[in-house]
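User: I am new to this structure and would like to learn how to read it, one feature at a time. Could you begin with the terms I will need and then show me each feature in turn?

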Amino acid sequence: MSELSGGVTHPRFAPRRGPAPSSWWSKAFLRAVEEAAFASAELKQGRRHARAGDVGAITVAAGAFVAAVLDGDEARTVTGSVPVLAAADQQVLVELIAAESGRIGALMSGDLPHAFVEAVEEAGVELLPYGGELGSACSCDSWLDPCPHALAVLTQLGWLVQRDPFVLFQLRGLARDDLLTRLHALTLSRPDVGAGSSDQDVPAGAAEPVDDLAIAEEAALRAARDLAKLLAE
């Protein structure tokens, strides 16, 4: 099977009965898989492979994934791709995570805040892929793209995203360790917002002006403290 540079290999899923646990973001990812499918018959076949545990360990790297799928006595190799975000868009993600102190903690605990993804989209960046962005190739002789084997891997990729939102970031080109390092560097570079403040500039009885930059910096500092605590655990 193909090797992916800098990839993280996730253990294979055991066979499942009934629907898999889901979150709003994994449902969004699986809707993209549905959009990518040629027809419902192939999608159902892919889901059967996924639930039967026919998909081997999935390796995820920046913009790519690979896994083997057992089909009878044959093992098929599936490779796939997701567009990597441009450097400027990746920086937007880092900035927006740092903008709210609770976001890094949520990600570390396996949550992907809806408000964060909305803020990312408002900034013109797409974190969650749509169907046309899910590329795939398979060693089988099917003319369909994606074939049922690829759909099985994509389905389980949605399960991985459900379990660990950092998988989504890695597919977009921002690996977990890189993201945490950049967050740490960003928040430490922010000045102490309380250092230059003075009550004498505000007339008695007057409302203090709202400083959006100071609010953002204070949120970033809170994020730095949260991140430091998480890294120390």
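Analyst: A residue is called buried when its relative accessible area is under 20%, and exposed when that value is over 50%. With that in hand, please keep in mind that this is a predicted model.

User: Which residues of β2 are buried, and on which sides of the strand do they lie?

Analyst: In a regular strand the side chains alternate between the two faces of the sheet. In β2, I58 and V60 lie on one side, T59 and A61 lie on the other, and all of them are buried, which leaves both faces of the strand covered.

User: What are the partners of β2 in the sheet, and in what order do the strands come?

Analyst: The sheet is open and has 5 strands in the order β1-β2-β3-β4-β5, with antiparallel pairing. β1 (8-10) and β5 stand at the edges with a single partner strand each, so one side of each has no neighbour in the sheet. From one strand to the next, the twist averages 20 degrees. Helix α6 packs on this sheet, where it touches β1, β2, β3, β4 (74-81) and β5, and its direction makes about 125 degrees with that of β3.

User: How many bridges join β2 to β1, and how many to β3?

Analyst: β1 and β2 run antiparallel and are joined by 3 bridges, and H10 stands opposite I58 in β2. On the other pairing, β2 (residues 58-61) and β3 (residues 64-71) are also antiparallel, over 3 bridges; here T59 stands opposite V66, while A61 has A64 as its bridge partner. The hairpin of β2 and β3 has 2 residues between the strands, and G63 takes a positive phi near 75 degrees there.

User: How does one check a helix, taking α8 as the case, and which of its residues are buried?

Analyst: One can compare the span expected from the number of residues with the distance between the ends: at 1.5 Å a residue, the 13 residues of α8 (residues 176-188) should span 18 Å, and the end C-alpha atoms are 18 Å apart, which agrees. The buried residues of this helix are L179, L180, L183, L186 and T187. They cover an arc of only 130 degrees around the axis, and therefore lie on the same side of α8. On the other side of α8, the exposed residues are D177, T181 and L188.

User: Is W24 buried, exposed or partly exposed, and what does it touch?

Analyst: W24 lies in helix α1 (residues 24-36), and its relative accessibility is 28%, so it counts as partly exposed. Beyond its neighbours within four places in sequence, W24 is in contact with L112, P113, H114, V117 and L128. One of these residues shows how the chain brings distant positions together: W24 and L112 are 88 residues apart along the chain, and their C-alpha atoms are separated by 8.8 Å.

User: Where is P146, and which residues does it touch?

Analyst: P146 sits in the loop between β5 (135-138) and α6 (148-163), and it is buried, because its relative accessible area is 3%, where the cut-off for buried is under 20%. Not counting residues up to four places away in sequence, P146 touches A36, A37, S136 and L151. P146 and G46 are 100 residues apart in sequence, yet 9.7 Å apart in space from C-alpha to C-alpha.

User: What surrounds T155 in helix α6?

Analyst: T155 lies in α6 and is buried, with a relative accessible area of 6%. With residues up to four places away in sequence left out, T155 touches L30, V33, R47 and A50.

User: How are the elements arranged along the whole chain, and what is its mean pLDDT?

Analyst: The chain has 9 helices and 5 strands, which run β-α-α-β-β-β-α-α-α-β-α-α-α-α from the N terminus on. Of its 233 residues, 43% are buried. Among contacts between residues at least 6 apart in sequence, 76% join residues at least 24 apart. The mean pLDDT of the chain is 84, and 80% of its residues reach 70 or more.

User: Which elements have the lowest and the highest mean pLDDT, and how should a low value be read?

Analyst: Where pLDDT is low, the predicted coordinates should not be read in detail. Among the elements, helix α9 (residues 212-232) has the lowest mean pLDDT, 50, and β2 has the highest, 97. Over residues 192-217, pLDDT stays under 50, and the model has 12 contacts beyond four places in sequence for that stretch.

How values were computed: Residues are numbered from 1 along each chain as its sequence is written. Side-chain values use heavy atoms; hydrogens and water are left out. Helices (H or I, at least four residues) and strands (E, at least two) are DSSP runs, numbered from the N terminus. Buried means under 20% relative accessible area, exposed over 50%, partly exposed in between (1.4 Å probe, protein chains only). Contact means heavy atoms within 4.5 Å. Two strands pair if DSSP finds at least two bridges between them. Axes are lines fitted to C-alpha atoms, for helices over the stretch in contact, and angles run from 0 to 180 degrees between N-to-C directions. pLDDT is the predictor's confidence in each residue, from 0 to 100. The expected span of a helix is 1.5 Å times one less than its number of residues. The arc is that of the directions from the helix axis to the C-beta atoms.
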